Amino acid sequence: SADPSRASRSMNEGERLTDPLRGIGPRNEAIVAALRGTLAFVSRTLFQVSLADVRPLPPGPLILAPNHRSFLDPLVVGSVVDRRPFFLMHARYYHNPAIHWFCRATRCIPVEDGPDNRLALRDGQRVLESGRVLCVFPAGTISLHGNLGPAQPGVAWLARKTGAPVYPTWIGGTREALQKGKARLRFSRVTMRIGEPLDPKSFGPGRKGSELLSDTV
């Protein structure tokens with residue numbers, strides 16, 4: 001007889017692969033635009049966000065690859081760039097009841113621990129293949145001490161799989177405003193800078209090429 005757990009896993013994989021782009025239409029775009037507008041007002045009013053090196057993003061698929069020092073980082077990115085970004089985020093935050101509605105509305109992609117994270121990468125691949133912007137934090141998690149963590153292979157895999165350019169992105173001041181594990185929000189000037197795009201094809205083939213791309217980002 002069929003294995004129910006295996007059938008369930010297959011069904012969940014099929015649902016997961018269609019999740020980020022499902023239901024995106026005028027209503028969802030209007031909701032996301034309103035959320036981004038509200039966040040932009042809050043971030044620029046409370047944190048005086050500086051955008052010295054943030055320029056309009058070109059059309060077509062691209063990957064934003066920021067450092068990750070605070071829970072505020074995705075909110076800053078989402079409110080600053082001129083195109084709608086889709087985010088990869090850890091599943092435990094995605095399923096947090098307090099913010100789950102927000103994650104669903106903005107079509108965040110939950111990243112599970114272990115081998116299941118490959119499903120999130122495929123979702124990210126679909127977002128890029130649809131010509132959209134994907135935001136991936138290369139370190140994969142918030143830095144506890146504020147230092148730049150080692151890059152995980154996801155950004156390089158997505159870039160080389162889709163040919164999407166990678167824009168290294170720096171966010172400063174968010175850790176000073178809200179540290180991981182702290183509940184108190186402080187007012188701190190926030191800065192965001194976007195570097196020149198990196199072409200994944202210019203880093204050579206194979207694992208060495210992927211590692212070089214990750215290290216360069």
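Q: How far is the sulfur of C103 from the closest cysteine sulfur, and why is there no bond?

A: A disulfide is a covalent bond between the sulfur atoms of two cysteines. In this predicted model, the closest cysteine sulfur to that of C103 belongs to C108, at 4.6 Å, which is too far for a bond. The cut-off for a disulfide is 2.5 Å between the sulfur atoms.

Q: What is the nearest cysteine sulfur to C135?

A: The sulfur of C108 is the nearest, 9.7 Å away, and C135 is in no disulfide. The structure as a whole holds 0 disulfides.

Q: Are C103 and C135 buried or exposed?

A: A residue counts as buried when its relative accessible area is under 20%. C103 has 2%, so C103 is buried. C135 has 0%, so C135 is buried as well.

Q: In what order do the strands of the sheet lie?

A: Strands of a sheet pair through backbone hydrogen bonds, either parallel or antiparallel. Here 7 strands form an open sheet, and reading across it gives β1-β7-β6-β2-β5-β3-β4. The pairing is mixed.

Q: Which strands are at the edges?

A: They are β1, residues 50-53, and β4, residues 109-111; each of these pairs on one side only. From one strand to the next, the twist averages 25°.

Q: Do β6 and β7 run parallel or antiparallel, and how many bridges join them?

A: Strand β6 (residues 166-172) and strand β7 (residues 191-194) run antiparallel, and 4 bridges join them. Two of the partners can be named: I171 has M192 of β7 as its bridge partner, and W170 has R193 of β7.

Q: In which sense does β7 pair with β1?

A: The pairing of β1 and β7 is parallel, over 2 bridges. D53 stands opposite R193 in β7. R193 is also the bridge partner of W170.

Q: Which residues of β7 are on the covered face, and which are on the uncovered one?

A: To read a strand, look at its two faces in turn. In β7, M192 and I194 make up the covered face, while T191 and R193 make up the uncovered one.

Q: Which strands does helix α7 touch?

A: Helix α7, residues 154-162, packs on the sheet and touches β2 (62-66), β5 (133-135) and β6. The direction of α7 makes about 165° with that of β2.

Conventions:
Residues are numbered from 1 along each chain as its sequence is written. This is a predicted model: local features need pLDDT of at least 70, side-chain atom pairs count only at pLDDT 80 or more; totals for chains, interfaces and linings use all residues. Side-chain values use heavy atoms; hydrogens and water are left out. Two strands pair if DSSP finds at least two bridges between them. Axes are lines fitted to C-alpha atoms, for helices over the stretch in contact, and angles run from 0 to 180 degrees between N-to-C directions. Contact means heavy atoms within 4.5 Å. Buried means under 20% relative accessible area, exposed over 50%, partly exposed in between (1.4 Å probe, protein chains only).
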